[in-house]
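Student: I would like a close look at one part of this protein, with the rest brought in where it helps.

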Amino acid sequence: MTTTGFQFFEGSSTESAKQPRITVRKGGILVLSQATFGLLGDDAEAVQVGYNSETRAIALRKTEPSAKGAYRLRSQRNSVSRLVDGKRVFRHHGLTAEAAATYDAEEFGDGLVGFTLPETAVPEAKSAVADTETKANDKPAVKRRSTKATKSKS
């Protein structure tokens with residue numbers, strides 16, 4: 001809205017209550033919109049985080065806080081969204097999150113809610129293929145002696 005040349009900021013329009021979305025912050029912190037939290041169950045206190053390497057999908061499922069591998073859902077100040085510290089999961093699977101990105105949350109069935117990562121977030125899969133091809137084409141390494149070791153003393 002413009003009034004006599006002024007532009008007034010009216011805030012960002014967010015549909016976090018209606019649109020199930022998951023934002024991945026740098027390093028692997030997951031931010032669940034209120035709608036995504038609702039898909040897990042409004043009473044959810046903790047989740048387990050899974051990864052499917054074939055589809056590049058990250059899934060969350062509601063669990064008891066005392067369950068093995070449980071991540072506590074943390075509230076944020078002045079926000080209805082919830083946080084899950086997924087850094088260890090990202091590191092364990094070689095996934096990257098160089099910058100924040102938001103994905104539409106999907107229901108995968110069996111109580112699983114998540115999203116699919118782009119190929120660029122899975123560098124390990126690419127490098128593993130490249131390493132296999134490189135190793136197949138490489139010649140065996142030849143050990144070289146140091147020139148100091150081969151010089152004879154006179």
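Student: Which residue forms a salt bridge with Asp 104, and how far apart are the closest N and O atoms? Please take the surroundings of that pair in detail.

Tutor: The model is predicted, and what follows is to be read with that in mind. The partner of Asp 104 is Arg 21, with the closest N and O atoms 3.3 Å apart. Asp 104 lies in strand β10 and Arg 21 in strand β3, so the salt bridge ties together parts that are 83 residues apart in sequence. Asp 104 is exposed, at a relative accessible area of 52%, a value just past the 50% cut-off for that class. Arg 21 is partly exposed, at 32%.

The two strands are also joined through the backbone. β3 and β10 pair in the antiparallel sense over 4 bridges. In one of these pairings, Ile 22 of β3 has Tyr 103 of β10 as its bridge partner. On its other pairing, with β4 (residues 29–32), β3 is again antiparallel, over 3 bridges, and there the bridge partner of Ile 22 is Leu 32. Ile 22 thus has a bridge partner in β10 and another in β4. β3 and β4 form a hairpin with 4 residues between them, and Gly 27 in the turn has a positive phi of about 95 degrees.

The side chains of β3 fall on two faces. Ile 22 and Val 24 make up the covered face, while Arg 21 and Thr 23 make up the uncovered one. This fits a general pattern: in a regular strand the side chains alternate between the two faces of the sheet. The salt-bridge residue Arg 21 therefore belongs to the uncovered face of β3.

These strands are part of an open sheet of 5 strands with antiparallel pairing, in the order β8-β9-β4-β3-β10. The edge strands are β8 (74–75) and β10 (101–104), each pairing on one side only. At the β8 end, 2 bridges join β8 to β9 (residues 82–85), and the two run antiparallel. One residue of that pairing is Arg 74, whose bridge partner in β9 is Leu 83.

Next to Asp 104 in sequence is Tyr 103, which leads to the second sheet. The model has 1 aromatic pair. The rings of Tyr 103 and Phe 115 have their centres 4.9 Å apart and their planes at 10 degrees, so the pair is stacked. Tyr 103 is in strand β10 and Phe 115 in strand β12, 12 residues apart. Both Tyr 103 and Phe 115 are buried, whereas Asp 104 is exposed.

β12 belongs to another open sheet of 5 strands, in the order β7-β5-β6-β12-β11, with antiparallel pairing. β7 (71–72) and β11 (106–109) stand at its edges with a single partner strand each, so one side of each is left without a neighbour in the sheet. Within this sheet, β6 (residues 57–63) and β12 (residues 112–116) pair in the antiparallel sense over 5 bridges, and Ala 59 stands opposite Gly 114 in β12.

For comparison, the total is 2 salt bridges. The one not yet described joins Asp 43 to Lys 62, with the closest N and O atoms 2.7 Å apart. Asp 43 is in the loop between α1 (34–40) and β5 (46–52) and Lys 62 is in strand β6, 19 residues apart. Asp 43 is exposed, with a relative accessible area of 54%, and Lys 62 is partly exposed, at 40%.

As for the whole, the protein has 4 helices and 12 strands, and 29% of its 154 residues count as buried. Among contacts between residues at least 6 apart in sequence, 54% join residues at least 24 apart.

Finally, confidence. The mean pLDDT is 80, and 73% of the residues score at least 70. β6 has the highest mean pLDDT among the elements, 97, and helix α3 (residues 123–137) the lowest, 46. Over residues 125–137 pLDDT stays under 50, and the model has 2 contacts beyond four places in sequence for them. Residues 139–144 are also below 50, with 0 contacts beyond near neighbours in sequence. Where pLDDT is low, the predicted coordinates should not be read in detail.

Definitions and conventions:
Residues are numbered from 1 along each chain as its sequence is written. Side-chain values use heavy atoms; hydrogens and water are left out. Two strands pair if DSSP finds at least two bridges between them. A salt bridge is a side-chain nitrogen of Lys or Arg within 4 Å of a carboxyl oxygen of Asp or Glu. Buried means under 20% relative accessible area, exposed over 50%, partly exposed in between (1.4 Å probe, protein chains only). Contact means heavy atoms within 4.5 Å. pLDDT is the predictor's confidence in each residue, from 0 to 100. Rings of Phe, Tyr and Trp (its six-membered ring) pair if their centres lie within 6.5 Å; planes under 30 degrees apart count as stacked, over 60 as edge-to-face and the rest as tilted.
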